[in-house]
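Colleague: I am new to this structure and would be glad of a guided close look at a single part. Could you take the salt bridges as the way in, and then lead me on to whatever they connect?

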Amino acid sequence: MAKKRVMSGMRATGQLHIGHYLGVLVNWLQMQDQYDCFFAVADWHMLTTGFAKTEGLRENTRQLVLDYLAAGVDPAKATIYVQSSILETAELHLILSMITPVNWLQRDPTLKEMVRELHLAEDHVSYGLLGYPALQTADILGPMGELVPVGEDQMAHIEISRDIARRFNHLFGVDLFPEPQGLLTPTPVVFGTDGRKMSKSYGNDLKLADDEKSINSKVMSMVTDPARLRKDDPGHPEVCMIYNGWETYASEKAPEIATLCRAGEIGCVQCKRNLAVQVNERLAPIQARRRELETDPGMLDDIVIAGNARARQATQETLAKVRDAMHLNQPYNRT
Ligand code: SF4
């Protein structure tokens, strides 16, 4: 029996952070052993909010591929590719956008949150940003993705993808598209240094590639229990971002920290230092792999070229079926 297809990707907005790793990548690493996985660098999706600042896009794309590989994605098991190299995805997006009601997109809570949190002016909310979930649907359905490991904020988009797939099948009387299913990890939301959801856009992230000094200084800047004025005051871990960090990065040690904190037996500065050690230990093997990969840029290119070819072929096969289902012209070739 053919393996189920998995499709997922990250926007090429910069290096990945721990929220991406715990929220999505750990699922990728497990799934690559069981499924036929397609993992994209979503560079077109970066344009939905970053269209006016594209000079770093190529480098961000390269950095993301490095992050995938350093985190443990294995190109022998999974297809790693760049979204914009699959030109057929743009055609599929165009077709799907014709059958996607605008009010489905306008209701999208992730879009509303993005506009609010990034303080986007009205003229910055483009046609492309509104259509984000339609493009994402084309990404998923191009290689016929059935399972989509995502962060919690993306679950609303996957619902829209399911609706679009269902609508296509219904309109054209076919059973062509699967209804993709979103998958969360046990840690779907990771908080950043300021207590908001960890996000590159908010500047509150701990990057996978951050060196020890950066991690130490970011962790030391995190907010603790504001009611705790002296080292031996009893603390309230439930309101402390550092304690949340313990639960996230070293959950086995969190109960002991909570006990010490409540009894006033550990100071916040020491608690932060200890947490920074845990985070750095967790990142060390990923960073060692990254340093090794950086010595061989040709290998990186080979991986992406092979991945692009495979993803493109899969999307071409889907498009041919889509055109047939809709009675569209197949590309007109002079013979
Ligand atoms: S001791 Fe640790 S868990 Fe308790 S308030 Fe301070 S930083 Fe937070």
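**A walk along the salt bridges**

Modeller: Happily! Arg 162, Asp 163, Arg 166 and Glu 179 are joined to one another in a network of salt bridges, and that is a good place to begin. Please keep in mind that this is a predicted model.

One link of that network pairs Glu 179 with Arg 166, whose side chains meet at 3.1 Å from N to O. Arg 166 belongs to helix 9 (155-171), while Glu 179 sits in the loop between helix 9 and strand 5 (181-183), so the salt bridge ties together parts that are 13 residues apart in sequence. How open are the two partners, Glu 179 and Arg 166? Glu 179 has 32% relative accessibility and counts as partly exposed. Arg 166 is partly exposed as well, at 38%.

A word on the idea behind such pairs may help. Side chains of opposite charge can pair when their charged atoms come close. The structure holds 19 salt bridges, and a few of them are worth visiting one by one.

Start with Arg 5, which forms a salt bridge with Asp 36; their closest N and O atoms are 2.8 Å apart. Arg 5 lies in strand 1 (residues 5-11) and Asp 36 in strand 2 (residues 36-42), so this pair ties together parts that are 31 residues apart in sequence. Here the partners fall into two classes of accessibility: Arg 5 is partly exposed at 23%, whereas Asp 36 is buried, with a relative accessible area of 16%. The cut-off for buried is under 20% relative accessible area, so Asp 36 at 16% falls on the buried side.

Next come Asp 233 and Arg 230, whose side chains meet in a salt bridge at 3.6 Å, N to O. Asp 233 counts as buried at 15% relative accessibility. Arg 230, on the other hand, is exposed, with a relative accessible area of 54%.

The next salt bridge leads us to the domains. The domain assignment of the protein chain gives domain 1, made of 5-190 + 297-326, and domain 2, made of 212-291. The contact between them takes 13 residues from domain 1 and eight residues from domain 2. Taken over C-alpha atoms, the centres of domain 1 and domain 2 are 34 Å apart.

How much area is buried between domain 1 and domain 2? About 850 Å², with 62% of it given by carbon and sulfur atoms. On the domain 1 side, Ile 18, Leu 22 and Ala 70 supply 52% of the area buried against domain 2, more than any other three residues.

Between domain 1 and domain 2 the count is one salt bridge. In a salt bridge of 2.9 Å, N to O, the side chains of Arg 290 and Asp 67 meet. There are also four residue pairs in polar contact between domain 1 and domain 2. On the side of domain 1 that touches domain 2, the elements giving two or more residues are helix 1 (18-31) and helix 3 (57-71). Helix 3 gives the most, with six residues. By type, the residues of this side divide into eight nonpolar, four polar and one charged.

Two residues elsewhere in the chain let you look around more locally. Thr 224 has its place in the loop between helix 10 (212-220) and helix 11 (241-249), and Thr 224 is buried, with a relative accessible area of 17%. Leaving aside neighbours within four places in sequence, Thr 224 is in contact with Val 239, Cys 240, Ile 242, Cys 268 and Lys 272.

Gly 245 is in helix 11 and counts as buried, at 2% relative accessibility. Its contacts, again leaving aside neighbours within four places in sequence, are Ala 250 and Leu 275. If you trace the chain from Gly 245 to Thr 193, you cover 52 residues in sequence, yet their C-alpha atoms are 9.3 Å apart in space.

For a last stop, turn to helix 8 (residues 132-141): 10 of its 10 residues are buried, so helix 8 is largely enclosed by the rest of the structure. Among the buried residues of helix 8 are Tyr 132, Gln 136, Asp 139 and Leu 141.

Methods:
Residues numbered from 1 in each chain as written. Predicted model: local features only at pLDDT ≥ 70, side-chain atom pairs only at ≥ 80, totals over all residues. Heavy atoms only, no water. Domains from an automatic or database assignment. Contact = heavy atoms within 4.5 Å. Buried area = accessible area lost by both parts, 1.4 Å probe. Salt bridge = Lys/Arg side-chain N within 4 Å of Asp/Glu carboxyl O. Polar contact = N/O pair within 3.5 Å; in protein donor to acceptor, adjacent residues only side chain to side chain. Helix = DSSP H or I, 4+ residues; strand = E, 2+ residues; numbered from the N terminus. Nonpolar A, V, L, I, M, F, W, Y, C, P; charged D, E, K, R; others polar. Buried < 20%, exposed > 50% of the residue type's maximum accessible area, 1.4 Å probe, protein only.
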